[in-house]
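Subject: Structure for you to look at

Hi there,

Here is the structure I promised to pass on. Please open it alongside this email, and my notes follow below.

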Amino acid sequence: MTNNANIAKMVNQLNEKQKQISQQLYSGNEQMRGLAKRVWRVQEDERKHIARELHDGVGQLLTALINQLQQVKKGDESIALDESIDLARQALSDTRVISRLMRPRILDDLGLIPALDWLVRIMADPEKATIEFHHQVDSILDSDTQTLAFRVIQEALTNAIKHAQAQKIILNLIATDNLLMIKIKDDGIGMKADQEASPEGFGLGAMRDRISAFGGQLTIISQPGQGCEIKILVTGRNGR
């Protein structure tokens, strides 16, 4: 009887263990599906942003250029070719900016720090926002980690300037063999706790998903009217 009781107890324990494993697998699958959906949403949002920039910027410039050239073709002497050339140059400039923001060649050619120097330079506006950039890189970062750092910083700076109306932003980056740490602090309008938690709030969902894919952590400290501080921490050699 004792042996039978022990066997029954072992069987029950095995059944419970199997249930726990099944629940963990189900939970893991749900998390993976959720992450896949959010990554897909991020990609779609980026495509929408690019499409809007092309339509509202380059598209309108090219439409104006076509109209001017048609007037020139009809012999309208009030249209100067110099104006058309200026429109073409502006369209070309806007196209190059969009292309570089999608995937700046400088990131592949020269690495993360020169790419961030360029990003800070084009995003800073003396009349609206100044950006201080401090960095200490003691390790060669792999390509994926460089892309992660560039994208989350790009998103954070965009949020600070466009949404938080920040006038001063301080960006710090530290990279070692075992650690990648990024801190972005601004003096903008800040945000409420529910905005921080919202996956859609100010592009924070995209940042969380990118960082989560690398096993990192995103911390946000903010209050309305008191600015915002974003901290990103990725541990493991070169963020892996």
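Which backbone oxygen does the side chain of Ser222 reach? Before the answer, please keep in mind that this is a predicted model. The partner is the backbone oxygen of Gly227, and the distance is 2.9 Å. Ser222 belongs to strand E4, which covers residues 217-222. With a relative accessibility of 8%, Ser222 counts as buried, because the cut-off for that is under 20%.

The E4 and E5 hairpin

Strand E4 runs antiparallel to strand E5 (residues 228-235), and six bridges join the two. If you would like a pair to start from, Leu218 has Ile232 in E5 as its bridge partner. Five residues sit between the strands of this hairpin, where Gly225 takes a positive phi near 80°.

A salt bridge can be found here too: Glu229 pairs with Lys231, with 3.5 Å between the closest N and O atoms. Glu229 counts as buried at 14% relative accessibility, whereas Lys231, at 36%, counts as partly exposed.

The other salt bridges

Searching the whole structure turns up three salt bridges. As a reminder, side chains of opposite charge can pair when their charged atoms come close.

One of the three is formed by Asp109 and Arg105, whose closest N and O atoms are 3.7 Å apart. Both residues lie in helix H3 (residues 105-109), and because they are four residues apart there, about one helical turn separates them. Asp109 and Arg105 are both exposed.

Glu132 and Lys168 form another salt bridge, in which the closest N and O atoms are 3.5 Å apart. This pair links distant parts of the chain, as Glu132 is in strand E1 (residues 130-137) and Lys168 in strand E2 (residues 168-175), 36 residues apart. Glu132 is partly exposed, its relative accessible area being 31%. Lys168 is also partly exposed, with a value of 38%.

Helix H5

Next, have a look at helix H5, which spans residues 143-163 and has 21 residues. From its first C-alpha to its last, H5 reaches 29 Å, close to the 30 Å expected at 1.5 Å a residue.

What caps the N-terminal end of H5? Asp142 does this, with a side-chain oxygen 3.1 Å from the backbone nitrogen of Asp144. Just after the helix, Gln165 takes a positive phi of about 55°.

Within H5 you will find Arg151. Is Arg151 buried or exposed? Its relative accessible area is 15%, so Arg151 is buried. The side chain of Arg151 makes a polar contact of 2.8 Å with the side chain of Gln154.

A nonpolar patch

Finally, turn to the surface. Leu69, Leu81 and Ile85 make a nonpolar patch there of about 260 Å². Of these residues, Leu69 is in helix H1, which covers residues 2-73. At 41% relative accessibility, Leu69 counts as partly exposed.

If you have time for just a few views, I would pick the side chain of Ser222 with the backbone oxygen of Gly227, the salt bridge of Glu132 with Lys168, and the cap that Asp142 places on the N-terminal end of H5.

Happy browsing, and do write back with any questions.

Best wishes

How values were computed
Residues are numbered from 1 along each chain as its sequence is written. This is a predicted model: local features need pLDDT of at least 70, side-chain atom pairs count only at pLDDT 80 or more; totals for chains, interfaces and linings use all residues. Side-chain values use heavy atoms; hydrogens and water are left out. The expected span of a helix is 1.5 Å times one less than its number of residues. A polar contact is a pair of N or O atoms within 3.5 Å; within protein, one must be able to donate a hydrogen and the other to accept it, and residues adjacent in sequence count only if both atoms are side-chain atoms. Buried means under 20% relative accessible area, exposed over 50%, partly exposed in between (1.4 Å probe, protein chains only). Patches are made of residues with over 30% relative accessible area and no salt bridge: like charges are joined within 9 Å, nonpolar side chains (Val, Leu, Ile, Met, Phe, Trp, Tyr) within 5 Å. Accessible areas come from the Shrake-Rupley method with a 1.4 Å probe; for residues, only the protein chains shown count as cover. A salt bridge is a side-chain nitrogen of Lys or Arg within 4 Å of a carboxyl oxygen of Asp or Glu. Two strands pair if DSSP finds at least two bridges between them.
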